[in-house]
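Visitor: I've got the model open at my bench. Could you walk me through how its helices and cores fit together?

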Amino acid sequence: MSQEKKSADSIRVCINGERERLDIEPGETLMSSLRRAGHYSVKNGCDEGVCGACNVILGEEGLTRSCLVPAASCDGDDVMTVEGLLDDDGRLHPLQEEFLDRGAAQCGYCIPGVLLSGYDLLQRDTVPTEEAIADALSGNICRCTGYVQQIEAIQAAAERLPDAEPAAEGEH
């Protein structure tokens, strides 16, 4: 993402591996343009970058609050929403399966952003500690579940992913 990219009436982005052209309004955020294009998993929780409901993975920037990013600055970027976690056959990512199995999602409003926070962490840390997971989720507000099941789900997903190392006893 570059703040120096000029404003445009539309931008071209690659969303979950699919090239799309998004029409944008002057001053519009990436969150708003994604939602207007039908990417409703990107939620508007606070519109201030506090709650994490609008999280996306934005190119090399990684985990990003899309409500704080001008859409015009994203021309040419790769964007991953929670749908990007699905494999080519539409199967859930282990992270999504663990969230379901452990009851880590209730109303679901914040869950796309929470899942992307967990995914971003697991890209950087294949054997995260409970503290590392709690830190990674610290930018997400969930009013339904608390965070215990979410932390357990991320730990379990880490153990299922190919690059995971067996956890030492007492480490989790």
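**Helix packing and cores**

Guide: Let's start with a crossing: helix 3 and helix 5 cross in a right-handed way (the near helix is turned clockwise from the far one by less than a right angle; helices are DSSP runs of H or I, at least four residues, numbered from the N terminus). This is a predicted model, where local features need pLDDT of at least 70, side-chain atom pairs count only at pLDDT 80 or more, and totals for chains, interfaces and linings use all residues. Residues are numbered from 1 along each chain as its sequence is written, and side-chain values use heavy atoms, leaving out hydrogens and water.

Visitor: Which residues of helix 5 make the contact with helix 3?

Guide: Contact here means heavy atoms within 4.5 Å. Helix 3 brings Ile111, Val114, Gly118, Leu121 and Leu122. Facing them from helix 5 are Gln150, Ile154, Ala157 and Ala158.

Visitor: Which helix gives the largest share of the largest nonpolar core?

Guide: That core has 25 residues, with Leu95, Phe99, Leu115, Leu122 and Ile154 making the most contacts inside it. (A nonpolar core is a set of buried Ala, Val, Leu, Ile, Met, Phe, Trp, Tyr and Cys residues joined through side-chain atoms within 4.5 Å; buried means under 20% relative accessible area with a 1.4 Å probe, protein chains only.) Helix 2 (94–101), helix 3 (111–124), helix 4 (130–136) and helix 5 (148–160) each supply at least two of its residues. The largest share, seven residues, comes from helix 3.

Visitor: What does Leu122 touch, not counting residues up to four places away in sequence?

Guide: Leu122 also sits in the contact of helix 3 with helix 5. With those sequence neighbours set aside, Leu122 touches Leu95, Pro128, Ile154, Ala157, Ala158 and Leu161.

Technical notes. Buried means under 20% relative accessible area, exposed over 50%, partly exposed in between (1.4 Å probe, protein chains only).
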